[in-house]
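Reader: I should like to go through this structure and ask on what grounds its features are named.

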Amino acid sequence: MNKVLILLASILIFAGCSSSGEKETVKGDEAPNIIFILTDDQRWDALAYAGNEHIRTPEMDKLAQRGVYFKNAIASTPICSASRASIFCGLHERTHRYTFQSGPIRSEFMEASYPKILKKEGYYLGFYGKFGVAYDSTGHLFDRCEVYDRNDDYDNYKGYFYKTLGADTVHLTRYTGEKALEFIDQCPEEQPFCLSLSFSAPHAHDRAEEQYFWQEVNNELYEGVEMPGPALSEDAWFEKLPLFVREGLNRTRWYWRYDTPEKYQHSVKGYYRMIRGVDMEIARIRKKLKEKGLEKNTVIMLMGDNGYFLGERQLAGKWLLYDNSIRVPLIIYDPRVKKHRDIDDMVMNIDVPATILELAGAERPGAWQGRSLVPVVSGTEESLHRDTILIEHIWEYKDIPPSEGIRTPEWKYFRYVNDRSSVELYDLENDPMEIVNLAGDTAYCEILQELQNSCDRLIQRYADPFSGTPTEMSVEPGLLPEYRWILPEAAGKQQAYQILVASERSLVESNRGDVWNSGQVRSDQTRRVVHGGDPLELNRTYYWKVRIWDQDNRHSEYSQVQRFTSEGL
């Protein structure tokens, strides 16, 4: 089958083999309107309804009190770009492989994104705010669309204050709220609408010394209040972390935000004030819906794109697989459902698009990996019966160690990709703060092995269908051998490679190259790659494997492990 046919088949698979033509416009009373609100870096407990006694979120709380609140909502990948790609496409990062520094997301996935399908179903589509995914045809997904985020041209408050409404320069949160009101006013009456609002708040403006900027109206909020310090803030908890975490970006940003009591108070209050700003816009949006007579047929969904550290373990940012980093708020308020529920089930960001489509009466693509939450929202089902989820952050960046693992209602297992021997295991039922790492306890060997096997299976199940691994590996033996491999056809062109050579199979299987780890080498060379470590020992057996970065800078999985014996001249 040639490449054109392969590409066509892939698009049909991911689009659920649906027709390419748009359906006739559906009537507004036949399907609900949908507003999906996504916040940036709002962790699960940055919400009064979640039990936070210090934050003020009255509008979010009303949605939770009258709708369905998911106690254990999880971002499959704790970083904005990959998480947002997952929300659009219903796929794990392992599948779509989109993140920072990769090329644009594959069109095959976006052809089956929720806005693309809803538009075919006759919905009127709007998007305002942070898109977060590089895609050349963003405007074609929506009827009305404006993409913007914090402005990194400024290293001060102007990063959040550069948009104007009339003659006034306003905070991005206020601007997004106003765009939502305009959209609702201008929607065709004969069509249902789906409005996606992607707030930049409460993300810190990383380039600025002050980090957090909020609307003036919230200046006095939390004045005179002493925010309690973070949990696990003692040096001992930081020292328990792997060295590559202690020296990584999570620690760097802790110095930016939390390393003094003054910075901590400013940052936490600023973070909470920015969330209150979003909360105020929700109030305005709900008021507009009522004015237009739309409040009884408009479903409102609220979610955070990833979790966040507020100084716990002396860390900041997200990226790691502790619950601080992966748990997010998720609320679905459907005014047609008269029963409030709190749901304990693990639900995920990849469930959002399937939920939106079922609300709209549309068919989900068969390749999507998330589940619709409508049955538990409507009360037709008590539970999703989901026992295991894949969690991962596999972006290769020098200051953020990639990791992968699984979470069940009872257990958390994860390992670091570049040293799979660095493993953590937590009993979440008895240790929800993830304090006692049981991975080294022989009493839990069986559980550890079971979770590791489950993780391996999910990684294989969700592998990127459009890439491959290097094959036909060979070695020209010698004390400084030369390595060779064949690119997977889907890679197009190799942008970089990484070779691991180890003295034992178990080491290289753990992604440890004790003999030579080339690191990421930016090169298209696939033949006669000369060993870069110390000369090998004569007539000794070694083990090696390789992975590559493709034409769009997406890295493959490692190849199969190969064995060779060194030879002298």
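Reader: What makes strand S20 (residues 496–502) and S21 a pair?
Author: Two strands pair if DSSP finds at least two bridges between them. Strand S20 and S21 are joined in the antiparallel sense over 2 bridges, so the criterion of at least two is met. Leu 500 stands opposite Asn 517 in S21. The strands themselves are DSSP runs (E, at least two residues; helices are H or I, at least four), numbered from the N terminus. This is a predicted model, in which local features need pLDDT of at least 70 and side-chain atom pairs count only at pLDDT 80 or more, while totals for chains, interfaces and linings use all residues. Residues are numbered from 1 along each chain as its sequence is written, and side-chain values use heavy atoms, with hydrogens and water left out.

Reader: What makes S21 and S24 the edge strands of their sheet?
Author: The open sheet has 4 strands in the order S21-S20-S23-S24, with antiparallel pairing. Strand S21 (516–517) and strand S24 (562–565) each pair on one side only.

Reader: How do you know that S14 and strand S15 (residues 403–407) pair?
Author: They run antiparallel and are joined by 5 bridges; one bridge partnership links Leu 390 with Ile 406 in S15. These strands belong to an open antiparallel sheet of 4 strands, ordered S14-S15-S16-S17. Its edge strands, each pairing on one side only, are strand S14 (389–393) and strand S17 (419–427). On average, neighbouring strands of this sheet are turned by 15° against each other, direction ignored. Helix H16 (residues 445–461) lies across S14, S15, strand S16 (411–416) and S17, at about 65° to S16. Such angles run from 0 to 180 degrees between N-to-C directions, with axes fitted to C-alpha atoms, for helices over the stretch in contact; contact means heavy atoms within 4.5 Å.

Reader: Why is Ser 196 called buried?
Author: Its relative accessible area is 1%. Buried means under 20%, exposed over 50% and partly exposed in between (1.4 Å probe, protein chains only), so Ser 196 at 1% counts as buried. Ser 196 is found in strand S7 (residues 193–198). Apart from neighbours within four places in sequence, Ser 196 is in contact with Phe 36, Tyr 114, Gly 126, Phe 127 and Tyr 128.

Reader: What makes the approach of the Ser 196 and Tyr 114 side chains a polar contact?
Author: The term requires a pair of N or O atoms within 3.5 Å; within protein, one must be able to donate a hydrogen and the other to accept it, and residues adjacent in sequence count only if both atoms are side-chain atoms. The two side chains are joined at 2.6 Å, so the distance meets the limit of 3.5 Å.

Reader: What makes Arg 313 and Gln 314 notable in their backbone?
Author: Most residues other than glycine have a negative phi, and most peptide bonds are trans. Arg 313 has a positive phi of about 60°, and phi of Gln 314 is near 60°. Arg 313 is in the loop between strand S9 (309–310) and strand S10 (316–317), as is Gln 314. Arg 313 counts as buried at 4% relative accessibility, and Gln 314 is buried at 6%. As for peptide bonds, a cis bond joins Ala 201 and Pro 202, with omega of about 5°.
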